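Here's a set of exercises to work through with the model open in your viewer. Try each task before you read its solution.

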Amino acid sequence: MENSRRDFLRRTCALVAGVSVSPFAVNGTTDAETEQAIKYAIIHDETKCIGCNACVEACRETNHVPEGVTRLSIEKTGPYGEYPNQYYHFTRHSCEHCEDAPCVNVCPTGAAYIDKQTGIVSVHADKCVGCQYCLLACPYEARFINPVTKAADKCDFCQETNLKQGKQPACVEACPTNALVFGNLKDPDSLIVATLKANSTQRNKQDLGTRPKLFRITAKPGEISL
Amino acid sequence: MSAFHFDSLVWHWPIAIYLFLAGVSAGAMFFAVLLKHACLKDQAYRSGFVQAACIVAPIAVLAGLGILVLDLTKPFEFWKILIFYNPTSVMSLGVVVLMIYQVFMFAWIAITFRKPIEDWCRPRYEFVTKLSEKLAHYEASVTGLLIIFSVALGAYTGFLLSAQPRFPMLNNPVLPLLFLASGLSSGAASALLGGVLLKGNPTGKEVQFIHKVEIPLILGEIFLVFTFFAGLILSGGQSKMAAFTAIGEGFWGWVFWFGIMGLGLSAPLAMNLFMTATSKRTFSYVAGTACLSLLGVILLRNFILYTGQMTVS
Amino acid sequence: MSRINWLLMLSVSVLSLALMSQQAHCNDSTEQINNDSCMKCHKRNGKMQGHHALDELNLSCSSCHGEKGNHPKKPNDLMVFSADSDFAVATQNQVCLTCHIPKKLADTEWTHNVHAQKVACSACHQLHPQTDRIMTLTTKQRSDECQRCHSVQR
C-alpha cells in the first residue's frame, strides 16, 4: 500500500510536469506568424453609408446564404434631429476577423480557424459538430447556424468565392457609395492603409482584447448619451 | 426581456441539465470514494449508499453526454469531437477529462465490487477473476486519479461557462469553484437519496458521515455564491449590471432567492444541522433533504446559464 | 326540421351577401375622378387608376394639380410633378403633405425622413397607374432604387 501510494504520487507529478511544459512546445508557431504577407481587413465608412442594404443582398447572392440568416447586416439607429432635417446612423454588423478570436479559441474540434496566410477567420463546415460554443463566445454576435449545412457560418471575406476569383468581397463591390474599403494591412501602398492613415477610426469592444479588423469611420454623434 | 427568450441567448436548458448531471456524477463518485476510505473500507460494496453512488454516477454521466449529443445541430457527427482536439478549447479539454474520468470511474467500481463480481463470474469466466486481480493491484492509483478527475470534471462544468469573455457574469473566476462545490453536494444528495431508496439505513454511519461533510460544504457554497455576486458588483460596469439583472426583481430573482438560497441551500443546511444535533434520522428526513439539495443545484445551473447570457459586455 | 331550413336560408343569404360585397370591392369605383371635366381633353393621357382615384377620397384632378386657371395657355399655375418641373421640391411636396403627416410617413418608411427636403415624392411614387411600383419592390430592387441617385465613380 505504502509503495503504490508513493508510486502514484511520483507518476502524477511526472504527468503534471509534462502537461505544464507542453504549452512551451506549442509556442514555436509564432515564427510563422511574423512572415505572414497578407492580413486582410475592412473599413466601414459610416459617414458614407446610406443604409441601402446592397451589401447584404450581394453577400447573400454571392455566398448562397439561405433566407432567414445573414452573414452581414446593416444596423440602423435614429432618426436624429428634427423633421425635415433628420438623419440615421448605419453600423455594419458582421464578423470582425479578430486577431485573437474567441470563437477560434473555444471551438472543440478546430472547425473554427484563422487562415495563416490571410488572417481570415473562417469555418471548416465539415469539421463543425454544431455545439454552438462559438456562437456563445463571439462578442460581436456575428455567427449563426446555417440551416442548410447545420454548421456554424459567418463572413469569411468571400474567401471561397470572390477572393478566389481575384475580386473584392461581394459587399465591397456592391457598395454604391464606396463606404467599404477592403485590403491588405501588410501592403503599405494599399488603399486601406492610406485610408486608415488619413482617418481616425474605431473598433468595437477593444477592451476584450480581441483585436478586431473591422474599422469604423464613425459619423457625427446623433445624440449625447452618458 | 422574457426569462427564457432573449436576443443574446444561445445555450438553452439542455446544457444546464448536462452540467447538472456531470456534476452529480463527479460528486457521487467523490463521495463513494470518501465513504469507502473514511468509514466502510472493504465492506463498501455492501452499503446501499455506495451502491447508489456507483449506479447514479455512470447513468448520470452517460445521460448527460446523451443530452449533449442530442443538443448538437449535427448529432450524428458527435464522434468528430472525440477525434479532433483543440488545446485552447475548454470544451475540448473537458471531453478529455470526461473520457478519462469514465475509465477510472468504471475501474474503481469494478475494484470496489470485486467480490460480488467474482462470485458471480467464478464458475464460468475465469479470466474475469484474473483481470480484477490485476486491476485491484492498482487500486491506490485508480482511487487517486478518480478523485483528481472527478474534481476536474466538477470544476470543468464551471470552466465551460467561465471561458466566455463576452458575458461578464459567466467570465468569473469563482464560477468553477461554485459549480464544483454544488456538484459535490448534488453527488452527496443523490447518493443519500439512492441509498435510502435501496434500503440503506437512514441512521447508518454513512449518512452521519455525509451529513458531517455536507454542512461545511453548504456553508462553503453560500460563501462562494456571496463572493460570486460581491465580486461582480464590486467590479462595476457591465458586471454590476449583470449581477443586478440576475438577482434583482423578476422571474430569475425569485428563482435565486426563493429556490436556490431558500429551498436549495438554507433548508438542507437547517435539516442537516437538525439531524446532526438530534440524531433523529428517518427515511423521509434524509430523502427530503436530498431532494431539496438536488432541486437547488438544478435551479442554480439553469439560473447561472440563463442570467449569465442576459448581459453582454 | 324547420330550424334546419331556417339555418340553411340564413347561411345562403350570408354567403351571397359576402359574395356581393366582394364584387363591390373589386369594382373599386373610380368614376368620379375619371369623369372630371379635365378628362374631356386628357383622355389620351389614360385613366386615373391608382389608390388616389378612389371615389371615397373624393379627389379631383385639381386637388393635386391645382385650378385650371390659364391652362392650356402658358404660363399657367398648374402643378407639375416631375423631375423637370419648374416647381421647387418643397412646393411639390407641400401638396402631398396637405393630407399626409410626416410622423406617419416616417413610421412606415424611414427613408421618408432623410429625403423630405431633397427629393420630390414623385421621384419614387407614381399615383396614376393601378399600382405604385415603389410599394412592391423586392429587397434587391429596393437597394437598386437607392443606387439610382447614390452612386459614386470608382
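Two residues are in contact if their C-beta atoms, placed from the backbone, lie within 7 Å. This is a predicted model, where local features need pLDDT of at least 70, side-chain atom pairs count only at pLDDT 80 or more, and totals for chains, interfaces and linings use all residues. Residues are numbered from 1 along each chain as its sequence is written, while chains are lettered from A and ligands numbered from 1 in the order in which they are written.

**Exercise 1. Find which residues of H4(B) and H7(B) meet, and describe how the two helices cross.**

Step 1: get the elements. Helices (H or I, at least four residues) and strands (E, at least two) are DSSP runs, numbered from the N terminus. Here H4 covers residues 90–112 and H7 residues 139–162 of chain B.

Step 2: take the axes, which are lines fitted to C-alpha atoms, for helices over the stretch in contact; angles run from 0 to 180 degrees between N-to-C directions. The two axes come within 8 Å and cross at roughly 145°.

Step 3: check the hand. A crossing is left-handed if the near helix is turned anticlockwise from the far one by less than a right angle, and right-handed if clockwise. H4(B) and H7(B) make a left-handed crossing.

Step 4: list the residues. H4(B) brings in, among others, Val90(B), Gly94(B), Tyr101(B) and Trp108(B), and they face a set in H7(B) including Glu139(B), Leu146(B), Phe149(B) and Tyr156(B).

Step 5: sort by class. Ala, Val, Leu, Ile, Met, Phe, Trp, Tyr, Cys and Pro count as nonpolar, Asp, Glu, Lys and Arg as charged, and the others, Gly among them, as polar. That gives 20 nonpolar, 3 polar and 1 charged residues for this contact.

**Exercise 2. Do the same for H8(B) and H12(B).**

Step 1: H8 is residues 174–197 and H12 is residues 283–308 of chain B; they pack at about 145° with axes 8 Å apart. The crossing is left-handed.

Step 2: on the H8(B) side you'll find, among others, Ser182(B), Ser186(B), Ala189(B) and Leu193(B), while H12(B) offers residues including Phe283(B), Ala287(B), Cys291(B) and Leu294(B). The split is 12 nonpolar, 5 polar and no charged.

Step 3: bring in the record. An unreviewed UniProt entry annotates "transmembrane region" on several stretches of chain B, among them 47–70 and 283–304. UniProt positions are given in the numbering used here, feature names are shortened, and annotations may be inferred rather than shown by experiment. In the model, residues 283–304 of chain B are 100% helix and 0% strand, with end C-alpha atoms 32 Å apart. Residues 47–70 of chain B come out at 96% helix and 0% strand, and their end C-alpha atoms lie 35 Å apart.

**Exercise 3. Is strand E8(A) enclosed or open to the outside?**

Step 1: place the strand. Chain A has 7 helices and 9 strands. Strands pair if DSSP finds at least two bridges between them. Three strands of chain A form an open, mixed sheet in the order E8-E1-E9.

Step 2: look at the pairing. E1 (residues 40–45) of chain A runs antiparallel to E8(A) over 5 bridges, with Val181(A) as the bridge partner of Ile43(A). E8 and E9 (214–217) of chain A are edge strands with a single partner strand each, so one side of each has no neighbour in the sheet.

Step 3: see what lies across it. Helix H7 (residues 191–198) of chain A lies across E1, E8 and E9 of chain A, at about 115° to E8(A).

Step 4: count burial. A residue is buried if 20 or more other C-beta atoms lie within 10 Å of its own, exposed if 12 or fewer, and partly exposed in between. 4 of the 5 residues of E8(A) (180–184) are buried, so the strand is largely enclosed by the rest of the structure. Across the 226 residues of chain A, 38% count as buried.

**Exercise 4. Which of the 2 pairs of chains in contact shares the most contacts?**

Step 1: rule one pair out. Chains B and C do not touch, with their nearest C-alpha atoms 23 Å apart.

Step 2: go through the others. The A–C contact takes 15 residues from chain A and 16 from chain C. Chains A and B share the most contacts.
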